[in-house]
Amino acid sequence: MAFNAPPPTGPGEQPSAPQPGGSGGGQPAEPPSYPHQTLLPQQVQQSRSRTPLYIGLVVLLLLAVGGVVAWRILNNGDESTRAAYCRGLKHLTHNGDLQGALSNASLATLNSVLKLERLAPTAVRSDWKTLQSLATSAQSGNANYATALQALTALQSIADDAKSHCGIPMKIPGLP
């Protein structure tokens, strides 16, 4: 069995495949060998999963969207009626003179109070509702010290809000 291939010329060299036309004897040719690269351990980089990055981005996006939605829900156009509320409060109290407003109270005053209750920002809306329910119970003769204390507390909250947000210094009768 003779091959038409030249013999290896140096150490570590592979013999070449038999040339056509020679008597190969039906043996399959060896696949060519490729150079092998050896990396040091510090050169090998572990592949990192990007799943935590994607999860973090989704959580961040959800927090941002949730914050915007919560702000819209809690804001609820609250300050959009603030200017009209302040104008109505200024007119009703004669620029903060609550004593004068109470002494000249009439049916028009009651209508103004109901309008202010509808325009009231969230911060004082419950105080206006408290005043309305206490006024209704006082008209029916169910007034007592507890209802008077609730009315004063509600009035103080409204006065504090009027001073800080509307610039109306309201003085509550009977309080220093």
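**Figure 1. Salt bridge between Glu117 and Lys129.** In this predicted model, Glu117 and Lys129 form a salt bridge whose closest N and O atoms are 3.9 Å apart. The pair links distant parts of the chain, with Glu117 in helix H4 (residues 107-119) and Lys129 in helix H5 (residues 122-139), 12 residues apart. The relative accessibility of Glu117 is 10%, so Glu117 counts as buried. Lys129 has a relative accessible area of 46% and is therefore partly exposed. A search of the whole structure finds 2 salt bridges; the other one is shown in the next view.

**Figure 2. Salt bridge between Arg82 and Asp161.** The closest N and O atoms of the salt bridge between Arg82 and Asp161 lie 2.7 Å apart. Arg82 belongs to helix H2 (residues 82-92) and Asp161 to helix H6 (residues 145-166); the two residues are 79 residues apart, and the pair links distant parts of the chain. Arg82 is buried, because its relative accessible area is 7% and buried means under 20%. Asp161 is likewise buried, with a relative accessible area of 6%.

**Figure 3. Disulfide between Cys86 and Cys166.** The structure holds 1 disulfide, which joins Cys86 to Cys166 with an S to S distance of 1.9 Å. Cys86 sits in helix H2 and Cys166 in helix H6, 80 residues apart, and the pair links distant parts of the chain. The torsion about the S-S bond of Cys86 and Cys166 is about -65°, so the disulfide is left-handed. Both Cys86 and Cys166 are buried. Helix H2 and helix H6 also carry the two residues of the salt bridge in Figure 2, Arg82 in helix H2 and Asp161 in helix H6.

**Figure 4. Aromatic pair of Tyr85 and Trp128.** The count of aromatic pairs comes to 1. The rings of Tyr85 and Trp128 are arranged edge-to-face, at 6.5 Å centre to centre and with 85° between the planes. The pair links distant parts of the chain: Tyr85 is in helix H2 and Trp128 in helix H5, 43 residues apart. Tyr85 has 0% relative accessibility and so counts as buried. Trp128, at 6% relative accessibility, counts as buried too. Helix H5 also holds Lys129, the salt-bridge partner of Glu117 in Figure 1.

**Figure 5. Nonpolar surface patch with Leu60.** Leu53, Tyr54, Leu57 and Leu60 form a nonpolar patch on the surface. Together these residues have about 440 Å² of accessible area. Leu60 is found in helix H1 (residues 51-75). The relative accessibility of Leu60 is 56%, so Leu60 counts as exposed, whereas Tyr85 in Figure 4 is buried.

**Figure 6. Overview of the chain.** The chain has 6 helices and 0 strands, and along the sequence it follows the pattern α-α-α-α-α-α. Of its 176 residues, 20% count as buried. The chain exposes about 13500 Å², and carbon and sulfur atoms supply 61% of that area. Among the contacts in the chain with a separation of 6 or more, 55% are accounted for by residues 24 or more positions apart.

Note on methods: Residues are numbered from 1 along each chain as its sequence is written. This is a predicted model: local features need pLDDT of at least 70, side-chain atom pairs count only at pLDDT 80 or more; totals for chains, interfaces and linings use all residues. Side-chain values use heavy atoms; hydrogens and water are left out. Patches are made of residues with over 30% relative accessible area and no salt bridge: like charges are joined within 9 Å, nonpolar side chains (Val, Leu, Ile, Met, Phe, Trp, Tyr) within 5 Å. Accessible areas come from the Shrake-Rupley method with a 1.4 Å probe; for residues, only the protein chains shown count as cover. A salt bridge is a side-chain nitrogen of Lys or Arg within 4 Å of a carboxyl oxygen of Asp or Glu. Helices (H or I, at least four residues) and strands (E, at least two) are DSSP runs, numbered from the N terminus. Buried means under 20% relative accessible area, exposed over 50%, partly exposed in between (1.4 Å probe, protein chains only). Rings of Phe, Tyr and Trp (its six-membered ring) pair if their centres lie within 6.5 Å; planes under 30 degrees apart count as stacked, over 60 as edge-to-face and the rest as tilted. A disulfide is a pair of cysteine sulfur atoms within 2.5 Å. Contact means heavy atoms within 4.5 Å.
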